[in-house]
Amino acid sequence: MTTFQLVAIAVCLGMALLTWAVALQRQNVAPRQVLLLWGLLWLAAAAALAVPDAITYLAHRLGIGRGADVLLYLAVLAGCAVAFRLSMAQRRLEQQVTVLVRELAIARSEASATAPTAAPPQTSPDAVEAGP
Amino acid sequence: MPSAARAGVFVVIAAYREAPAIASVVRELLAADWPRVVVVDDGSDDATGAEAAAAGAMVLRHVLNRGQGAALQTGIAFALRRGARVIVTFDADGQHRPEDLPGLVAPVLCGEVDVVLGSRFLGHEGAVPWRRRLLLRAARQFQRWTSGLALTDAHNGLRALSERMAARLCLRMDRMAHASELVDQVALSGLPWREVSVHVAYTDYARAKGQRGWAAVRVLRDYVVGRLLG
C-alpha cells in the first residue's frame with residue numbers, strides 16, 4: 001500500500017466519522033439522513049482506495065471499461081444532485097426574502113399611518129449617501 | 001355606484017420603474033372616484049413611489065425588487081388588513097382604463113361572483129397586435145389545460161377579487177407566472193367567476209415597458225418549476 005493510499009484512507013475515514021458525529025447532533029430527521037449518506041460516501045471512498053481493483057471489477061460488471069470512468073460518471077451524478085439541492089435551497093430562500101420584504105413594506109406603511117407627523121423612514125440608498 | 005361601496009374597493013397596482021406613467025394612472029383612478037388606490041413600489045430605483053404618493057395613492061415600498069406577483073400579493077395583504085371588500089388589480093403602465101372598473105367591480109360587490117377577470121377578447125374591443133394575439137392564444141390553451149378554466153384571455157392584469165377570494169390567494173410565483181397561478185387558485189377555490197370585456201391600450205409606452213414575447217419562455221419555466229416544486 002502506497003503512502004498516498006494510507007493518507008487518503010485516513011482522511012476519508014476521518015471525514016466519515018466527522019460527518020456521522022455531526023449527524024448524531026442533528027435533531028431534524030431529514031438533514032440527519034443526508035449526513036449519514038455522506039458518511040457512507042466517505043466510507044465507500046476509503047474502501048475504494050484500499051481496494052482499487054474493486055472499482056475496476058464494478059466497472060466491468062456495469063459494462064463500463066475503466067474504473068476511473070465509473071468514478072467520473074458517479075461524480076457527475078453527485079454534482080447534479082448537489083446542484084438540485086442548492087437550487088431548492090435558493091428557491092426557499094427567495095420565498096423567505098419575499099415574505100420579509102412584504103412584511104417590512106406593510107409594517108412601515110402602518111407605522112407612518114399611525115404617526116403622520118414623524119419623518120418617513122429613509123429607504124432610498126441615495127438619501128443616505130447624500131449626507132455629509 | 002355609491003361612494004360608501006367604493007370605499008371598500010381597493011385598487012392595487014404593482015409598479016416597478018414606472019415613474020413616467022404612475023402619477024397619471026393614480027390621478028385618473030382618483031378622478032374616477034376610486035378613493036383607495038394602493039401602489040406597491042417594487043424596489044424601483046426611480047421616483048415611482050414618490051410620484052404615486054404625490055398623486056394621492058397609498059404607497060407601500062418593497063426595499064428589494066421581488067417581482068410583480070410578489071408586489072400584488074403585498075398590496076392584497078395590505079388591502080385586506082385595511083378592510084377591503086373588493087380588490088382590483090390594475091397595471092401601472094396606463095394600459096387599463098378606469099372606465100372598465102364599474103363593470104368589473106359590480107358583480108363582486110353585489111355578491112354574484114367572487115372573481116371577475118378582464119378579457120381583451122370578449123366583444124373584440126381594442127386592437128391587440130397580431131403576434132401578441134397568437135402568443136395569448138397559446139397561453140389561453142395552456143391555461144385551459146393546466147387550470148381547467150376556459151377563459152378567453154390569459155395574463156390580463158385587470159381583475160376584481162372578493163375579500164373571500166383574496167384571503168385565499170397565496171401567490172408564491174414572485175415574477176410574471178403569478179397570473180397563471182392566480183387562475184389556478186381561482187379554479188381550485190371553486191368560487192364563482194366571470195369574464196368581463198375590458199379595453200387594453202397598447203400605447204407606445206406600455207409596449208416599450210411591457211413584456212416581450214420571448215419573456216413567455218421564462219414565464220413558462222417559472223410556472224412549471226413553481227407547479228412542480230411548490
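In which helix of chain A does A:Pro52 lie? In this predicted model, A:Pro52 belongs to helix α3 of chain A, which covers residues 52–62; helices (H or I, at least four residues) and strands (E, at least two) are DSSP runs numbered from the N terminus. Residues are numbered from 1 along each chain as its sequence is written, and chains are lettered from A and ligands numbered from 1 in the order in which they are written. Because the model is predicted, local features need pLDDT of at least 70 and side-chain atom pairs count only at pLDDT 80 or more, whereas totals for chains, interfaces and linings use all residues; side-chain values use heavy atoms, with hydrogens and water left out.

Chain A contains 5 helices and 0 strands, and its pattern along the sequence is α-α-α-α-α. Of its 132 residues, 17% are buried, where buried means under 20% relative accessible area, exposed over 50%, and partly exposed in between (1.4 Å probe, protein chains only). The area exposed by chain A is about 9600 Å², and carbon and sulfur atoms supply 70% of this area; accessible areas come from the Shrake-Rupley method with a 1.4 Å probe, and for residues only the protein chains shown count as cover. Contacts (heavy atoms within 4.5 Å) between residues at least 6 apart in the sequence of chain A join residues at least 24 apart in 39% of cases. Within α3, A:Pro52 counts as partly exposed because its relative accessibility is 43%. The C-alpha atoms of A:Pro52 and A:Gly67 are 8.4 Å apart in space, while the two residues are 15 positions apart in sequence.

Chain B comprises 10 helices and 7 strands. Its radius of gyration is 16 Å, which agrees with the value near 17 Å for a compact globule of 230 residues; the radius is taken over C-alpha atoms, and the globule rule is 2.2 Å times the number of residues to the power 0.38. Along the principal axes, the C-alpha atoms of chain B fill a box of roughly 40 × 40 × 35 Å. Buried residues account for 52% of the 230 in this chain. Among contacts in chain B with a separation of 6 or more, 74% involve residues 24 or more positions apart. Chain B exposes about 10100 Å², of which 54% comes from carbon and sulfur atoms. Its side chains include 29 positive and 23 negative ones, and the centres of the two sets are 5 Å apart. For this count, Lys and Arg are positive and Asp and Glu negative, with His and the chain ends not counted; the place of a charge is NZ of Lys, CZ of Arg, CG of Asp or CD of Glu.

In soluble globular proteins, nonpolar side chains tend to be buried together. A nonpolar core is defined here as a set of buried Ala, Val, Leu, Ile, Met, Phe, Trp, Tyr and Cys residues joined through side-chain atoms within 4.5 Å. The largest such core has 34 residues, of which B:Ile13, B:Leu29, B:Val39 and B:Val88 touch the most other members. Elements of chain B that give two or more residues to this core are β1 (9–15), α2 (19–31), β2 (36–42), α3 (48–55), β4 (86–91) and α5 (101–109). When residues up to four places away in sequence are not counted, B:Leu29 touches B:Val11, B:Ile13, B:Trp34, B:Val37, B:Phe90, B:Pro98 and B:Leu101. A second, separate core contains 29 residues, including B:Ala77, B:Ala84, B:Leu151 and B:Leu169.

Helix α8 of chain B (residues 178–189) holds B:Leu182, which is buried because its relative accessible area is 1%. Apart from residues up to four places away in sequence, B:Leu182 touches B:Leu117, B:Arg159, B:Leu169 and B:Leu171. B:Leu182 and B:Ala106 are separated by 76 residues in sequence and by 20 Å between C-alpha atoms. Helix α8 also holds B:Ser180, a buried residue with a relative accessible area of 11%. With neighbours within four places in sequence left aside, B:Ser180 is in contact with B:His155 and B:Tyr223.

B:His155 is located in the loop between α6 (130–147) and β6 (159–162) of chain B. This residue is partly exposed, at a relative accessible area of 32%, and its phi is near 55°, a positive value in a residue other than glycine. A positive phi, near 50°, also occurs at B:Arg17, likewise a residue other than glycine. B:Arg17 lies in the loop between β1 and α2 of chain B and counts as partly exposed, with 38% relative accessibility.
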